[in-house]
Amino acid sequence: LILCMVSLKQGWLNLPQSPLLFNNIFIFQIFAICAFATCGGYSGHLRVRVECLDKSQSNLSITVNFAYPFRLQKVHFQPTLCERNRQESIFLVGDYSSSAQFFVTVAVFAFLYSLMATVVYIYYQNKYREGNRGPLVDFVVTVLFAFMWLVSSCAWAKALSDVKSATDPTQVLLLISACRYPANRCSASHHPVWSELNTSVVFGFVNFILWTGNIWFVFKETGWYKTGQRYPMRSASGRRANGMSQRLYSQSSFDQSGDSFYQHPYRQSSFDQSRESFGQQCRNVFCPETSFLNLKVA
């Protein structure tokens, strides 16, 4: 036990703080346990009474027990017929085991996956992030469990409504032959308690919300999110602003080229002034360049 505690402490200290670990340890496992415990551990009963015209044939406490997985067609009881030495076996109506077992199965597998993910996050964090395979598998499984929680919770909510109708004492009294005669008095003395099963439906939808919210945290660990952060896509407004800046830059460069074009005559006038000063220096000395220019002008 001490070795296990030491290894757990070492693995915990080596792990960076992550919302994935918090979700899998403190949230997913607890709510998954609550979901399948409140549904899979349910057992209830109802009680009716049949008061016959002949008081000796009356049965004032007829108890009908039922439990998970709610195969009500196999639940039977033996009420009185208000006739001497005669009884009948009556079975309830409906089989709702498929929806109930599907809900419990999803809850159990969600708990097991959360437990396995917790071990991976603590002890195999490097292998989890290696090659981006671990985050991708975690992302796909998280999306799958979120969808399965939604489907199973909706199916179980509908099945629970049908179970309540099938085990309603007023409906059960209609199945008893002695209650069809006005001389006999039939009534319900105890109704089933549904608070536990109602809570299981609530836990199912809470798990759906939690797993759906966890999709974002798992997605941030994948390479898809990191690639989008490295190469962000520009928005339409950003592209328009960039195009406008390019047009303004091209317009300013065009204006500068026009200004340089208009500055060329000043350069020509300075060249003429330098040529005249050079001619004045060469008046007292024979300059072939000036004589050639004079001949050309003449």
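This briefing describes aromatic contacts, backbone exceptions, salt bridges, helices and long-range proximities in one protein chain. The model is predicted, and every value below is computed from it or, where stated, taken from a record. Among its aromatic residues the count comes to 16 pairs, whereas a search of the whole structure finds two salt bridges. A UniProt annotation from an unreviewed entry assigns the name "transmembrane region" to residues 21–43, 102–124, 136–159 and 201–219.

**Aromatic contacts**

- The total is 16 aromatic pairs, and in one of them the rings of Phe-28 and Trp-211 have their centres 4.5 Å apart with their planes at 10°, so the pair is stacked, the planes being under 30 degrees apart.
- Phe-28 belongs to helix 2 (residues 19–40) and Trp-211 to helix 7 (residues 195–219), so this pair ties together parts of the chain that are 183 residues apart in sequence.
- Both partners fall under the 20% cut-off for buried residues: Phe-28 is buried because its relative accessible area is 2%, and Trp-211 is buried because its relative accessibility is 1%.
- One aromatic cluster is formed by Tyr-42, Phe-66, Tyr-68, Phe-70, Phe-103, Trp-149, Trp-156 and Trp-194.

**Backbone exceptions in the loops**

- The peptide bond that runs from Tyr-68 to Pro-69 is cis, with omega near 10°, and Pro-69 is placed in the loop between strand 2 (59–67) and strand 3 (76–77).
- Phe-70, a member of the aromatic cluster named above, has a positive phi of about 65° although it is not a glycine.
- Phe-70 is likewise found in the loop between strand 2 and strand 3, and with a relative accessible area of 0% the residue is buried.
- Cys-82 is another residue that is not a glycine and yet has a positive phi, here of about 55°; the place of Cys-82 is in the loop between strand 3 and strand 4 (90–91), and at 17% relative accessibility Cys-82 counts as buried.

**Salt bridges**

- Side chains of opposite charge can pair when their charged atoms come close.
- The search of the whole structure returns two salt bridges, one of which joins the side chains of Glu-51 and Lys-55 at 2.6 Å, N to O; Lys-55 counts as exposed, at 57% relative accessibility.
- A salt bridge also joins the side chains of Lys-158 and Asp-162, at 2.9 Å from N to O, and both residues lie in helix 5 (residues 133–166), where they are four residues apart, about one turn of the helix.
- Asp-162 is partly exposed, with a relative accessible area of 24%.

**Helices and the annotated segments**

- Over residues 102–124, one of the segments that the unreviewed UniProt entry annotates as "transmembrane region", the chain is 96% helix and 0% strand, and the end C-alpha atoms are 31 Å apart.
- Over residues 136–159, which the record also lists under that annotation, the chain is 100% helix and 0% strand, with 35 Å between the end C-alpha atoms.
- Helix 7 has 25 residues and reaches 37 Å from its first C-alpha to its last, a span close to the 36 Å expected at 1.5 Å a residue.
- The buried residues of helix 7 are Leu-197, Ser-200, Val-201, Phe-203, Gly-204, Asn-207, Trp-211, Asn-214 and Val-218, and Trp-211 in this list is the residue whose ring stacks with that of Phe-28.

**Surface patch**

- A nonpolar patch on the surface is formed by Val-119, Tyr-123 and Tyr-124, which together have about 280 Å² of accessible area.
- Tyr-124 is placed in the loop between helix 3 (97–123) and helix 4 (125–129), and at 43% relative accessibility Tyr-124 counts as partly exposed.

**Proximities across the sequence**

- Leu-60 and Ala-188 are 128 residues apart in sequence, and their C-alpha atoms are 9.8 Å apart in space; Leu-60 is in strand 2 and is partly exposed, with a relative accessible area of 45%.
- Gln-73 and Tyr-96 are 23 residues apart in sequence and 9.5 Å apart in space, C-alpha to C-alpha.
- Gln-73 lies in the loop between strand 2 and strand 3, and with a relative accessible area of 31% Gln-73 is partly exposed.

Methods
Residues numbered from 1 in each chain as written. Predicted model: local features only at pLDDT ≥ 70, side-chain atom pairs only at ≥ 80, totals over all residues. Heavy atoms only, no water. Phe/Tyr/Trp six-rings, centres within 6.5 Å; stacked < 30°, edge-to-face > 60°. Helix = DSSP H or I, 4+ residues; strand = E, 2+ residues; numbered from the N terminus. Buried < 20%, exposed > 50% of the residue type's maximum accessible area, 1.4 Å probe, protein only. Patch = residues over 30% accessible without salt bridge, like charges linked within 9 Å, V, L, I, M, F, W, Y side chains within 5 Å. Areas by Shrake-Rupley, 256 points an atom, 1.4 Å probe, with all protein chains shown as cover. Salt bridge = Lys/Arg side-chain N within 4 Å of Asp/Glu carboxyl O. UniProt positions renumbered as here; feature names shortened; annotations may be inferred. Expected span 1.5 Å × (residues − 1).
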